[in-house]
Amino acid sequence: EGREKKVKRPGQNTSAAAFPIETEYHIIKQTEDFTLLEVHPITGKTHQIRSHLASIGHPIAGDYKYGNRAFNETLKKEYGLSSQLLHAYRLNFPKCGGDLSLLSGKELQAPLPPLFQKICQKKGVI
């Protein structure tokens, strides 16, 4: 618990415009078969969080593209899970002006969806 880690990989594109992608994560709580993470995408590529976590053996629950199909089917059968357990609970906006000045320096938070909370409680990570 409490470990900070980073995942870095070269960009998927082989052109000169390709750049490394980086994701930082913090383990909030871990059990034998479930881990709750706080994840910070440093770069912003499509599927970045999902592919990075899957590449280190921690696919997102409910993710059929990068995840474990058997595990996902079990969650679907037991809880009715039909989406990924990936939730943007906090967004921080940098200081800015112009058209986005109303969001400058603001932080928005969203509570966990009920099914997300139920599964995490049953799995012992919250």
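**Entry 1: Pro-59**

I started at Pro-59, which touches Leu-53, Ala-54, Tyr-66, Gly-67 and Asn-68 once residues up to four places away in sequence are set aside. This is a predicted model, so I keep that in mind throughout. I found Pro-59 in the loop between H1 and H2. Is Pro-59 buried or exposed? Neither quite fits: I read a relative accessibility of 34%, so Pro-59 counts as partly exposed. I also looked for a partner further along the chain and picked Gln-84, 25 residues apart from Pro-59 in sequence. The C-alpha atoms of Pro-59 and Gln-84 are 9.9 Å apart.

**Entry 2: the whole chain**

I stepped back for the overall picture. I count 3 helices and 5 strands in the protein. Going along the sequence, I noted the pattern β-β-β-α-α-β-β-α. The protein has 126 residues, and 24% of them count as buried. I put the accessible surface at about 8,500 Å², with 52% of it belonging to carbon and sulfur atoms. For contacts with a separation of 6 or more, I see that 38% join residues 24 or more positions apart.

**Entry 3: how far to trust it**

I checked the confidence next. The mean pLDDT of the protein is 88, and 86% of the residues reach 70 or more. Which element has the lowest mean pLDDT? That is strand E1, residues 4-9, at 61. Helix H3 has the highest mean among the elements, 97.

**Entry 4: helix H1 and its two ends**

I turned to H1, residues 48-55, and found it mostly covered, with 6 of its 8 residues buried. Which residues of H1 are buried? I listed Gln-48, Ile-49, Arg-50, Ser-51, His-52 and Leu-53.

Ahead of the helix I stopped at His-47, in the loop between strand E3 (35-41) and H1. His-47 has a positive phi of about 65°, although it is not a glycine. I jotted down the background: most residues other than glycine have a negative phi. I class His-47 as partly exposed because its relative accessible area is 29%, and the buried class stops under 20%.

After the helix comes Gly-57, which also has a positive phi, near 85°.

**Entry 5: Asn-72**

I moved on to helix H2, where Asn-72 sits. Why does Asn-72 count as buried? Its relative accessibility is 2%, and buried means under 20%. I then asked which residues Asn-72 is in contact with, leaving aside neighbours within four places in sequence. They are Ile-60, Ala-61, Gly-62, Asp-63, Tyr-64 and Gly-67. Gly-67 is a residue I had already met, as one of those that Pro-59 touches.

**Entry 6: the largest pocket**

I looked up the largest pocket and noted about 960 Å³ of space in it. It is lined by 38 residues, and those closest to its centre are Leu-37, Glu-38, Val-39, Leu-85 and Leu-86. Which element gives the largest share of the lining? That is E3, with 7 residues. I also wrote down the elements that each supply at least two lining residues: strand E2 (21-30), E3, H1, helix H2 (69-79), strand E4 (90-92) and H3. By residue class, I sorted the lining into 23 nonpolar, 11 polar and 4 charged.

**Entry 7: Asn-92**

I went to strand E4 for Asn-92. Its relative accessibility is 48%, so I class Asn-92 as partly exposed, since exposed would need over 50%. What does Asn-92 touch, not counting residues up to four places away in sequence? I found Lys-106 and Glu-107. For Glu-107, 15 residues apart from Asn-92 along the chain, I noted a C-alpha separation of 4.5 Å.

**Entry 8: Pro-113**

I closed with another proline. Pro-113 is in the loop between strand E5 (107-109) and helix H3 (114-122). With a relative accessible area of 36%, Pro-113 is partly exposed. I checked Pro-113 against Leu-85, 28 residues apart along the chain, and read 9.5 Å between their C-alpha atoms. Leu-85 was already in my notes, among the residues closest to the centre of the largest pocket.

Key
Residues are numbered from 1 along each chain as its sequence is written. This is a predicted model: local features need pLDDT of at least 70, side-chain atom pairs count only at pLDDT 80 or more; totals for chains, interfaces and linings use all residues. Side-chain values use heavy atoms; hydrogens and water are left out. Helices (H or I, at least four residues) and strands (E, at least two) are DSSP runs, numbered from the N terminus. Buried means under 20% relative accessible area, exposed over 50%, partly exposed in between (1.4 Å probe, protein chains only). Contact means heavy atoms within 4.5 Å. Accessible areas come from the Shrake-Rupley method with a 1.4 Å probe; for residues, only the protein chains shown count as cover. On a 1 Å grid over the protein atoms alone, a cavity is a set of points where a 1.4 Å probe fits but cannot get out, and a pocket is an open set with protein on both sides within 12 Å along at least five of seven lines; lining residues have an atom within 4 Å of a point. Grid points are joined across faces, edges and corners, and a volume is the space filled by probe spheres set on the points. Ala, Val, Leu, Ile, Met, Phe, Trp, Tyr, Cys and Pro count as nonpolar, Asp, Glu, Lys and Arg as charged, and the others, Gly among them, as polar. pLDDT is the predictor's confidence in each residue, from 0 to 100.
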